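The exercises below ask you to read a protein model step by step, moving from single residues to the whole chain. Try each task with the structure in view before you turn to its solution.

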Amino acid sequence: MAVFDTNGNKIIEADSITYITNGYALALTNTNGKFLLKAIIDKSGNVKDISNDYYIDNYHFFSEDMLGVSNDKGKSGYINPDGELVIPFLYVSAHPFREGLASVFKPKKGLKGLINKKTSVGSATYVNHKGEELNIRNGKNYPIFTSSFKNGKGLVQMEDGSSFYVDPKGNRIEDGPNNKVLGVDEYFSYSEENKKQEVNLPFIPSYNAAYSIYTEGSVKGYMANGVMMVPSQFQEAYGFASGFAIVKKDGKYGIIKQLGGNISVKVSEKGGKISVQSVIPADWANSPAKFFYITNGTDRLSFAMTGQKSQRTVEGVVPVSNNGEKAYELDLDGLIVWRQTNANVQDLDDAKSSRVISVSTPGKVTANSKGECVVNVRVTNRSGSAQTISISLSTGGNKSVKLGPGKTAAVSITTKIVKETKCVISAKSAAGNAFSVTHLKPSFVL
């Protein structure tokens with residue numbers, strides 16, 4: 001497995017790469033069944049190579065900029081995002097940090113292991129970011145379990161079965177649930193549950209269910225609520241988690257980030273000339289942009305877009321004939337971020353030319369659970385007089401709209417389907433006719 005930058009350059013290769021959690025991902029090497037930390041990758045793609053032998057056990061994620069690691073003897077400590085060992089290898093277990101403290105278990109001098117049925121061979125405690133331990137021992141009665149801190153207090157269970165809560169300084173503040181079996185909580189420490197429970201592990205990312213993966217031909221993309229968000233272009237695509245998703249494109253793996261902001265593209269085409277004006281999100285302000293003019297699904301003309309920051313434009317020459325299906329794509333940093341597919345069934349060179357009346361639709365519409373597709377149609381009157389324009393779908397459904405010269409209207413028409421269908425949208429008026437095409441797809445659940 002490897003991580004690549006937006007130019008396709010390999011950043012790092014490893015046996016396993018974790019999700020970005022709490023700002024960092026881990027690159028790991030499998031060594032005789034144990035995972036050795038190879039590098040730390042931050043959310044900007046910066047890589048910190050690790051030369052020391054740090055092994056990762058159960059908790060392969062940073063918490064409060066601290067990562068629990070172990071040495072080749074099985075002792076655990078903590079490193080920071082720079083790979084520096086900030087808390088020595090003193091423990092036999094080291095849990096994630098929570099509210100400035102982490103639950104740890106320290107063996108008694110000269111003894112190994114954790115607990116047997118009769119006596120403790122070590123003691124549990126808390127450690128802070130400086131490596132300072134809280135003193136919660138009570139004479140010869142050792143603490144054997146300590147929970148993660150939550151809302152300013154931690155639960156301690158002693159060797160004799162008694163328990164109590166402590167504050168962040170280790171002061172006892174109230175009694176706990178005595179003689180109860182403690183269960184593992186969501187921070188990999190112990191809680192006052194006395195029965196087995198399902199645990200929401202923090203290293204398992206929370207997926208954004210609003211973004212679903214769709215397949216078109218042999219490639220995949222993302223949509224939300226039936227609207228295409230990332231056009232299909234990936235050989236492999238995985239769910240978004242914490243704003244990131246792993247994808248494979250052109251045979252290479254990478255990570256894409258979910259960004260805010262909208263993309264607006266206006267395309268004007270007349271007499272073999274094309275003009276494109278686009279507005280892109282601020283996150284791509286310094287990114288190179290390309291515009292693609294595609295005919296018959298395979299013939300592609302590429303235009304480097306000019307402009308800077310959020311404004312990008314193109315002026316170019318394209319084939320005069322608009323017969324057959326064509327598509328437009330906007331590419332930023334090698335990622336297709338916008339696509340629109342149109343099919344002009346006829347292209348007349350007289351007063352009834354489709355250049356006088358234009359119509360556009362999304363390249364794909366997904367039906368709801370009732371099999372209904374809501375097709376959003378954008379129609380423009382480019383003539384010099386008001387026109388009544390009749391809009392109809394080849395799959396059924398129609399509406400009409402009256403537009404003044406140079407005006408544009410958005411119309412929604414509902415049509416029903418039972419299988420994937422190509423739908424032709426016809427816009428007819430006294431001034432001219434225009435056509436577009438969209439693909440209607442049944443609803444589905446991933």
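**Exercise 1. Find what Gln311 touches, and describe its setting.**

Solution. Leaving aside residues up to four places away in sequence, begin with the contacts: Gln311 touches Ser278, Val279 and Thr306. Keep in mind throughout that this is a predicted model. Next, place the residue in its element, which for Gln311 is strand 30, covering residues 311-317. Then consider its accessibility: buried means under 20% and exposed means over 50%, with partly exposed in between, so Gln311, at 47% relative accessibility, counts as partly exposed. Finally, compare sequence with space, where Gln311 and Ala285 stand 26 residues apart in sequence and 8.4 Å apart from C-alpha to C-alpha.

**Exercise 2. Decide whether Ser278 and Ala282 are buried or exposed, and say where each one lies.**

Solution. Start with Ser278, whose place is in strand 27. Because its relative accessibility is 3%, Ser278 counts as buried. Its contacts, again without residues up to four places away in sequence, are Ser264, Val265, Met305, Ser310, Gln311 and Arg312. Now turn to Ala282, which is found in the loop between strand 27 and strand 28. Here the relative accessibility is 66%, and therefore Ala282 counts as exposed. As a last step, look at Gly261, which is 21 residues from Ala282 in sequence, while their C-alpha atoms are 7.7 Å apart in space.

**Exercise 3. Describe the largest nonpolar core and the elements that build it.**

Solution. The first step is the membership: the largest nonpolar core has 28 residues, and those with the most contacts inside it are Tyr222, Phe234, Ile256 and Phe291. The second step is to ask which elements give two or more residues to this core, and these are strand 20 (211-216), strand 22 (227-234), strand 24 (244-249), strand 27 (273-279), strand 28 (289-295), strand 31 (324-332) and strand 32 (335-344). The third step takes a single member, Phe234, whose contacts beyond four places in sequence include Tyr222, Val247, Ile256 and Leu335. Apart from the largest core lies another core, of 22 residues, among them Ala367, Val379, Ile389 and Val411.

**Exercise 4. Count the cavities, and characterise the second largest one.**

Solution. A search of the whole structure finds 2 cavities of 30 Å³ or more. The second largest of them holds about 40 Å³ of space. Its lining is made by Tyr59, Phe61, Ser63, Met66, Leu67, Gly68, Tyr78, Ala94, His95 and Pro96. The elements giving two or more residues to this lining are strand 8 (67-70) and strand 11 (93-98), and strand 11 gives the most, with 3 residues. Sorted by character, the lining residues of the second largest cavity are 7 nonpolar and 3 polar, with no charged residue among them.

**Exercise 5. Summarise the protein as a whole.**

Solution. Begin with the elements, for which the count is 0 helices and 40 strands. Continue with burial: of the 446 residues in the protein, 46% are buried. Then consider the contacts between residues at least 6 apart in sequence, of which 42% join residues at least 24 apart. End with the surface, where the protein exposes about 23,200 Å², and carbon and sulfur atoms supply 48% of that area.

Methods:
Residues are numbered from 1 along each chain as its sequence is written. This is a predicted model: local features need pLDDT of at least 70, side-chain atom pairs count only at pLDDT 80 or more; totals for chains, interfaces and linings use all residues. Side-chain values use heavy atoms; hydrogens and water are left out. A nonpolar core is a set of buried Ala, Val, Leu, Ile, Met, Phe, Trp, Tyr and Cys residues joined through side-chain atoms within 4.5 Å. Buried means under 20% relative accessible area, exposed over 50%, partly exposed in between (1.4 Å probe, protein chains only). Helices (H or I, at least four residues) and strands (E, at least two) are DSSP runs, numbered from the N terminus. Contact means heavy atoms within 4.5 Å. On a 1 Å grid over the protein atoms alone, a cavity is a set of points where a 1.4 Å probe fits but cannot get out, and a pocket is an open set with protein on both sides within 12 Å along at least five of seven lines; lining residues have an atom within 4 Å of a point. Grid points are joined across faces, edges and corners, and a volume is the space filled by probe spheres set on the points. Ala, Val, Leu, Ile, Met, Phe, Trp, Tyr, Cys and Pro count as nonpolar, Asp, Glu, Lys and Arg as charged, and the others, Gly among them, as polar. Accessible areas come from the Shrake-Rupley method with a 1.4 Å probe; for residues, only the protein chains shown count as cover.
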